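Thanks for making time, everyone. I'd like to walk through the pockets, the cores and the cavities of one model. Please have the structure open.

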Amino acid sequence: MLPGFNPDPSVCRVGDDYYLVTSSFVWFPGIPVYHSKDLVNWELIGHGITRSSQADFTGLKDKDGIWAVTIRHHDGLFYLITTCSGCGGNFYITAKDPAGPWSDPVWLKDAPGIDPSLFWDTDGKCYYTGNTWDFKKSWPGQCAIWGQELDLSQKKLVGERKILTYGHANNASYTESPHLYKIKDKYLLLTAEGGTDTYHSVTAHHSETVMGTYTSDKINPVLSHRQLGKEYPIQAVGHADIVQTQNGDWWGVALGKRLVGKETPLSRETFLCKVAFEEGTPVFNPGYGRVLNEQERPNLSWTPVKPVLGRDDFEGKVLGLKWYFIRTPKENNYEFSKGSLMLKLKPETADSLVSPSLIIQKIKHHNFSAITKLNFSTKKGNEQAGIILYRNSESYYMLLKEKAGIVLIKKDNGKKEIVAKMPHTGSDVYLGVVADGLKLSFSAGSSENSMQPVGGVQDINVLSDSPVNKFNGTGVGMYATANSAKSSNGAAFDWFEYKTL
Ligand code: 6LW
């Protein structure tokens, strides 16, 4: 439904409009906010974190930054509540318009753990739920879901803190991602269990009163693919949120990973499932009990969104919403100049934990091409600019123009190497990459029709999930660096085109 880097989805409805958010880690701006009328066609309308004064991702590890977010709407105000891992813990921000601007954070310093969520009871009280592992464990991986009233006028947690569940079984691990709902006067608590990989799942818990006692649903886990084996084409399904349509139907969103061979190159993506309630039990995709590759549509009027253009010609003065920096840029690292996007060469590199001159968009397809026309010349051996496929500071490919020609560089699980070089003269160059499932081919040339392969076929597993490639996803875009030196040089990208093949 939302392909590419879109983990930990949360959804809410306001009238006939649906809003969805996903995790963003150290990508900036943080917290993408999507809008839809039909739960199928989603448009990126803004971001929750757009200012360094809200949260600063400088120096953070790749897997830190913005973790799972919950979106809710109450009394005319939208709320995003999340964890800034390594950068301050749990906080919420608010906005009248979900496209932004969003407020400065309200930090909840005494809220331990991750995955905060908000729930308003019918008496108007607001409750925080979250996870914690900060207690003496009775089994490995044991986590707790806790709840407490949140006083929004005092902007702090008040009253007694209660443990709501440790999960549905006496060996439940990584119980997290709680969301509370009141349905027909009963409280439903959905959580994730098993960790965000093979054993991921969604479990349901029921109570007569908001702070418990919660009892495990009879069919738990209500959604998982762990029983389908490690070769099932959609893996790691879990971390769900549900929403009731204006027609009374229920739908759920959850994360999952699509396999290509044994790899999951697009990492965690968002999937949609039908939900039916049977005596209070949420049944995900009745008759299937799993996330499907093709899904019946919600009974909502089909509302396609404006297609996001494949080619950016950079004739305007504003970067489209789809473009991201890695970590919070400290200064403007680009400008629009004569119909090009000019990236300034900075000392920071793609290996840095400080924002480099790197602008990427999410890869959304298993088969795609990306190509750019670059004007760049240098007399210095340290200066480079070109195209990058970036998973994180430990894993990427880049095809760069440098003083003596073109170079293809790979960083695989922290090991950086030059894969191939190709001579090139002239300051204009076309640089491209084609992905065909697990295979990547890079090429370069003086015109679009004369591009020659650079290096042999490369393996996309460099960018796929692995012990160092966790949580976030992969992007493709433009990059320029002076490799630790200062520079006044710039790299002019005339256009950049991403398309599915
Ligand atoms: C997130 C947790 C999880 O906070 O992974 O899928 C963590 N589940 O709920 C990071 O995305």
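The second largest pocket has 37 lining residues, and nearest its centre are G195, T196, D197, T198 and K257. Bear in mind that this is a predicted model. The pocket holds about 750 Å³ of space. Two strands, β20 (234-244) and β21 (250-258), each give at least two residues to the lining. By class, the lining of this second largest pocket has 11 nonpolar, 13 polar and 13 charged residues. Where does the second largest pocket lie with respect to the domains? Domain 1 (10-284) and domain 2 (311-500) both give residues to its lining, so the pocket lies between them.

Now the largest pocket. Its volume is about 1,100 Å³. The lining counts 37 residues, with K306, P307, V308, L309 and K364 nearest the centre. Which strands contribute to the lining of the largest pocket? At least two residues each come from β5 (43-49), β24 (311-312), β28 (357-362) and β39 (490-500). The largest share is from β39, with 3 residues. In terms of chemistry, the lining of the largest pocket splits into 19 nonpolar, 8 polar and 10 charged residues. Domain 1 (10-284) and domain 2 (311-500) each supply at least three residues to the lining of this pocket.

Next, the packing. As a general point, nonpolar side chains in soluble globular proteins tend to be buried together. Here, the largest nonpolar core has 98 residues, and F57 and L389 have the most contacts inside it. This core lies between domain 1 (10-284) and domain 2 (311-500), because both give residues to it. There is also a second, separate core of 19 residues, with L188, I242, V275 and V291 among them.

Let me zoom in on L389. Leaving out residues up to four places away in sequence, L389 touches I363, F368, Y396, Y397, V433, L440, F442, L463, G475 and V476. Keep I363, F368 and L463 in mind. They come back in a moment.

On to the cavities. How many cavities of 30 Å³ or more does the structure hold? There are 2. The largest cavity has a volume of about 60 Å³. Its lining is P265, L266, I363, H365, H366, F368, G437, I460, L463 and T474. So here are our three again: I363, F368 and L463 touch L389 and also line the largest cavity. By class, that lining has 6 nonpolar, 4 polar and no charged residues.

The second largest cavity has about 30 Å³ of space. A68, V69, T70, D115, P116, S177, P178, H179 and H239 form its lining. Strand β15 (residues 176-183) gives the largest share, 3 residues. The classes in this second lining are 4 nonpolar, 4 polar and 1 charged.

Last stop, D351. It sits in the loop between β27 (340-344) and β28. Is D351 buried or exposed? Neither term fits: its relative accessibility is 25%, so D351 counts as partly exposed. Beyond residues up to four places away in sequence, D351 touches S393, Y396, K411 and K416. Take K411: D351 and K411 are 60 residues apart in sequence, yet 9.2 Å apart in space, C-alpha to C-alpha. Y396 links back to the core story, since D351 touches Y396, and L389 touches Y396 too.

That's the tour. Over to you.

Definitions and conventions. Residues numbered from 1 in each chain as written. Predicted model: local features only at pLDDT ≥ 70, side-chain atom pairs only at ≥ 80, totals over all residues. Heavy atoms only, no water. Core = buried A, V, L, I, M, F, W, Y, C linked by side-chain atoms within 4.5 Å. Buried < 20%, exposed > 50% of the residue type's maximum accessible area, 1.4 Å probe, protein only. Domains from an automatic or database assignment. Contact = heavy atoms within 4.5 Å. 1 Å grid on protein atoms, 1.4 Å probe; cavity = no way out; pocket = protein on both sides within 12 Å on 5 of 7 lines; lining within 4 Å. Points joined across faces, edges and corners; volume = space filled by probe spheres on them. Helix = DSSP H or I, 4+ residues; strand = E, 2+ residues; numbered from the N terminus. Nonpolar A, V, L, I, M, F, W, Y, C, P; charged D, E, K, R; others polar.
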